[in-house]
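User: I am new to this structure. Please take a close look at one helix and its packing, then walk me outward from there.

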Amino acid sequence: MVFLFPFSHAYSLMCGGPMGLYDLVNRSPGIPAVAERALQYDCLVHDGNRLTTSDGEPYRSVESPLPVSEADVVGLSMVNSGDLHSALRLLDLAGIPRRAVERKSGVHPLVVGGNMGLANPEPMADYVDVIALGEAERSLPKLLRIVHAHDSEPTERAHLLEQLARVPGLYVPSLYEPTFLPGGGISGITSRTRAIPGHVQAQYLTLAELHDAHFTYPITDGTAAGIHPVVGCRHSCAFCNLGIPPFRQAPLGMLTDYIDHLEQLKVRTIIISAPTFTQYKHRRELLEHIRAYADRAAAEGDKVTTIIGSIRADEISSDYLNAVAELGDFGHLFTELNLSQARGIITIAPEWAAPDLVALYGKTQTPERVDKAIELCGANRNINTVMLYFIIGAPGEREDDRLAIADYAHRIRRLLGRPDGSVIIKLHQFMPKPGTPTQRLRMADPDVVQAYGDQISDRLRSLVGNEDFER
């Protein structure tokens, strides 16, 4: 099985879903398969949205000289539905027919998809043979055993797909028929044969069933590695599907043992990539363990950097900020990878500047809660930068609501009260998420959303002037 990653090497190592499954397959004697990885290598040639290899060489995995097209199974992990086009780009690159009906048993690999970008599988129904809904630690090994048995005693591809469709959590689009409504949407999905279930339920597993690599990066490039202390979220905002899986927390010992292993390897950058890290009940003990490692590294003349994702304003406390500040060198993933920005960054997601949109989409980050969090940041002398996440292009949004983001950021910078203080605005396009109350709303055109971002930028520049805008 070859997992295809639409990212470069460093980003691919942070993909917890496929990397955890890659590790599970290769560490489980009972699974009759070997897992490999194929990336968006730096040497690939870009031509618009198309990728090709130089000199017509086959697209290969990291681990094998064999072409990816000779794999038995190819895995596509789609992080969000805005990136579905990358699945077609990778299939083209590998020389695998895009459409499932054009792929032949024994000639082309079975194409399996997963992750939240395919939580609504129907848009990719013509291109993916099987989609694993939810967590695949149970369903993927069963799939690989069935494919292995099929290869030993070849049968018709249709029979193979029927067998796979009977595995809980595996959805085979070609065996189901959606009934479309006029103007968009569907009234239902029915199975084409009684030999398969009429309904496919996403699989979410107990903590004991999840592989360790679900919570810790199984591979490091020697410079950085990371952990996912929690899965899920205790809140259920109308636009976010973090709250769909049940909330589970990694055992503290698993994570501290992993940090100790990183210290042995002299990995000096630690990524805490759970967006709900403030909900982890052992966060103080974990941060203290990382700080102790940082102190030992400092005694050797090395610096340990901890990168933490965004946090909820209503979960910020002075104790949390102090614990983070005591790490010595800390930052945020987006800024570390994309900006030459001073560290000391706390990231907060108000999502909207307009209070009625905050309430409409079920977000609890009222201006009062955000202001309280900013005051705590201002009181902590180690924090000089706040990054604010906003959503633009949501149904119900008005022009004044968008422009208010500039005023909001300007007010936050003043409230931070730091002469060296900076505010970073990160804008996200509104994207309907499967399983949430907003799942059937329309997604705005990306070009239109880009223009909205330019308007917000112009508004902010006019508010603060060129010099402050650049800061």
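Analyst: Buried means under 20% relative accessible area. The model is predicted. Keep both points in mind for what follows.

Start with helix H6, residues 252-265. Helix H6 has 14 residues. From its first C-alpha to its last, H6 reaches 20 Å, close to the 20 Å expected at 1.5 Å a residue. Which residues of H6 are buried? They are Met-254, Leu-255, Thr-256, Tyr-258, Ile-259 and Leu-262. What do the buried residues of H6 pack against? Their partners are two strands and a helix: strand S11 (224-227), strand S14 (269-272) and helix H7 (283-299). Just after H6 comes Lys-266. The phi of Lys-266 is positive, near 60 degrees.

Positive phi values turn up elsewhere too. Most residues other than glycine have a negative phi. Asn-115 is not a glycine, yet its phi is positive, about 85 degrees. Asn-115 belongs to the loop between S6 and S7. With a relative accessible area of 34%, Asn-115 is partly exposed. Glu-351 is not a glycine either, and its phi is positive at about 75 degrees. Glu-351 is placed in strand S17, residues 345-351. Its relative accessible area is 10%, so Glu-351 is buried.

Stay with the loop that holds Asn-115. Met-116 is found there as well, between strand S6 (110-114) and strand S7 (130-132). Met-116 counts as partly exposed because its relative accessibility is 23%. Leaving aside residues up to four places away in sequence, Met-116 touches Met-78, Val-79, Tyr-204, Asn-241 and Pro-245. Gly-362 is 246 residues from Met-116 in sequence. In space, C-alpha to C-alpha, Met-116 and Gly-362 are 20 Å apart.

Now the sheet beside that loop's two strands. S6 and S7 belong to an open sheet of six strands, in the order S2-S1-S5-S6-S7-S8. The pairing is mixed. Strand S2 (36-38) and strand S8 (170-171) are the edge strands, and each pairs on one side only. Strand S5 (residues 73-77) runs parallel to S6, and the two pair over five bridges. Gly-75 stands opposite Val-112 in S6.

Next, the aromatic rings. The count of aromatic pairs comes to eight. One of them joins Phe-277 and Tyr-280, and that pair is stacked. Their ring centres are 6.4 Å apart, with 25 degrees between the planes. Both Phe-277 and Tyr-280 are buried. Ring pairs also link Phe-239, Trp-352, Tyr-361 and Phe-430 into a cluster.

Charges sit over rings as well. Arg-402 lies over the face of Tyr-452, 3.5 Å from the ring centre. The charged end of Arg-411 sits over the ring of Tyr-408, at 5.0 Å from its centre.

Last, the cysteines. How many disulfides does a search of the whole structure find? It finds zero. Cys-15 is in no disulfide, and the nearest cysteine sulfur, that of Cys-240, is 18 Å away. Cys-15 counts as buried because its relative accessibility is 14%. Why is there no bond at Cys-233? The closest cysteine sulfur, in Cys-240, is 6.5 Å from that of Cys-233, so it is too far for a bond. The cut-off for a disulfide is within 2.5 Å. Cys-233 is buried as well, at 12% relative accessibility.

Terms used:
Residues are numbered from 1 along each chain as its sequence is written. This is a predicted model: local features need pLDDT of at least 70, side-chain atom pairs count only at pLDDT 80 or more; totals for chains, interfaces and linings use all residues. Side-chain values use heavy atoms; hydrogens and water are left out. Buried means under 20% relative accessible area, exposed over 50%, partly exposed in between (1.4 Å probe, protein chains only). Helices (H or I, at least four residues) and strands (E, at least two) are DSSP runs, numbered from the N terminus. Contact means heavy atoms within 4.5 Å. The expected span of a helix is 1.5 Å times one less than its number of residues. Rings of Phe, Tyr and Trp (its six-membered ring) pair if their centres lie within 6.5 Å; planes under 30 degrees apart count as stacked, over 60 as edge-to-face and the rest as tilted. A charge sits over a ring if NZ of Lys or CZ of Arg is within 6 Å of the ring centre and within 35 degrees of the ring normal. Two strands pair if DSSP finds at least two bridges between them.
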